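Hi everyone, thanks for coming. Today I'd like to walk you through one protein, and I'll try to keep it friendly for those of you who are new to this. Please have a look at the screen.

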Amino acid sequence: MTAFGKDDVWASGTDPLHPGKAILLHCDGTSWTRETISAGGTGYAAIAAIPGTSDLWGVGSVGEETDSEQPFIVRRR
């Protein structure tokens, strides 16, 4: 979980409605919205808001939970 402020909060995790998919949740101070990550077997390990910017960075892996997973870094502006 990370935040730019009380009206710009982000959380990441596994989407309970779409097993094996990661999800980003955003709160605008009033309500939460979801963004499902489209790559199969994707999971965020961490997310961070970059102070002084509107950038959100996430890191994780893509693939089945085996030694063949591929790491990734994603940036959202």
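Let me begin with a puzzle: with which residue does Arg 77 form a salt bridge, and how far apart are the closest N and O atoms? Keep that in mind for a moment while I set the scene.

First, a word of caution: what you see is a predicted model. The protein has 77 residues, and 27% of them count as buried. Its secondary structure comes to seven strands and zero helices, so if you read along the sequence, you simply get β-β-β-β-β-β-β. The accessible surface is about 5100 Å², and carbon and sulfur atoms account for 55% of that. As for contacts, take those between residues at least 6 apart in sequence: 17% of them join residues at least 24 apart.

Let's go to the start of the chain. Strand β1 covers residues 2–5 and strand β2 covers residues 8–14; the two run antiparallel and are joined by three bridges. Between β1 and β2 there is a hairpin, made through two residues. If you want a spot to look for on screen, find Ala 3, which stands opposite Val 9 in β2. A general point for your notebook: in a regular strand, side chains alternate between the two faces of the sheet.

Now back to the puzzle. The partner of Arg 77 is Asp 55, and the closest N and O atoms of this salt bridge are 3.9 Å apart. Arg 77 is in the segment after β7, while Asp 55 is in the loop between β5 and β6, so this pair ties together parts that are 22 residues apart in sequence. Arg 77 itself counts as exposed, at 65% relative accessibility.

How many salt bridges does a search of the whole structure find? The answer is two. The other partner of Asp 55 is Arg 75, with the closest N and O atoms 2.8 Å apart. Arg 75 belongs to strand β7, residues 70–76, and Asp 55 to the loop between β5 and β6, so here the parts tied together are 20 residues apart in sequence. In general, side chains of opposite charge can pair when their charged atoms come close.

Is Asp 55 buried or exposed? Asp 55 is buried, because its relative accessible area is 10%, and buried means under 20%. Arg 75, by comparison, is partly exposed, at 40%. If we leave aside neighbours within four places in sequence, Asp 55 is in contact with several residues, including Phe 4, Ala 48 and Ile 50, along with Arg 75 and Arg 77. To put the charged group together: Arg 77 forms a salt bridge with Asp 55. Salt bridges that share partners join Asp 55, Arg 75 and Arg 77 into one network.

One last stop, on the surface. Trp 57, Val 59 and Ile 73 make a nonpolar surface patch of about 280 Å². Val 59 sits in strand β6, residues 56–62, and it is partly exposed, with a relative accessible area of 34%.

That's my tour. Thanks for listening, and please come and find me with questions!

Methods:
Residues are numbered from 1 along each chain as its sequence is written. This is a predicted model: local features need pLDDT of at least 70, side-chain atom pairs count only at pLDDT 80 or more; totals for chains, interfaces and linings use all residues. Side-chain values use heavy atoms; hydrogens and water are left out. Two strands pair if DSSP finds at least two bridges between them. Helices (H or I, at least four residues) and strands (E, at least two) are DSSP runs, numbered from the N terminus. Patches are made of residues with over 30% relative accessible area and no salt bridge: like charges are joined within 9 Å, nonpolar side chains (Val, Leu, Ile, Met, Phe, Trp, Tyr) within 5 Å. Accessible areas come from the Shrake-Rupley method with a 1.4 Å probe; for residues, only the protein chains shown count as cover. A salt bridge is a side-chain nitrogen of Lys or Arg within 4 Å of a carboxyl oxygen of Asp or Glu. Buried means under 20% relative accessible area, exposed over 50%, partly exposed in between (1.4 Å probe, protein chains only). Contact means heavy atoms within 4.5 Å.
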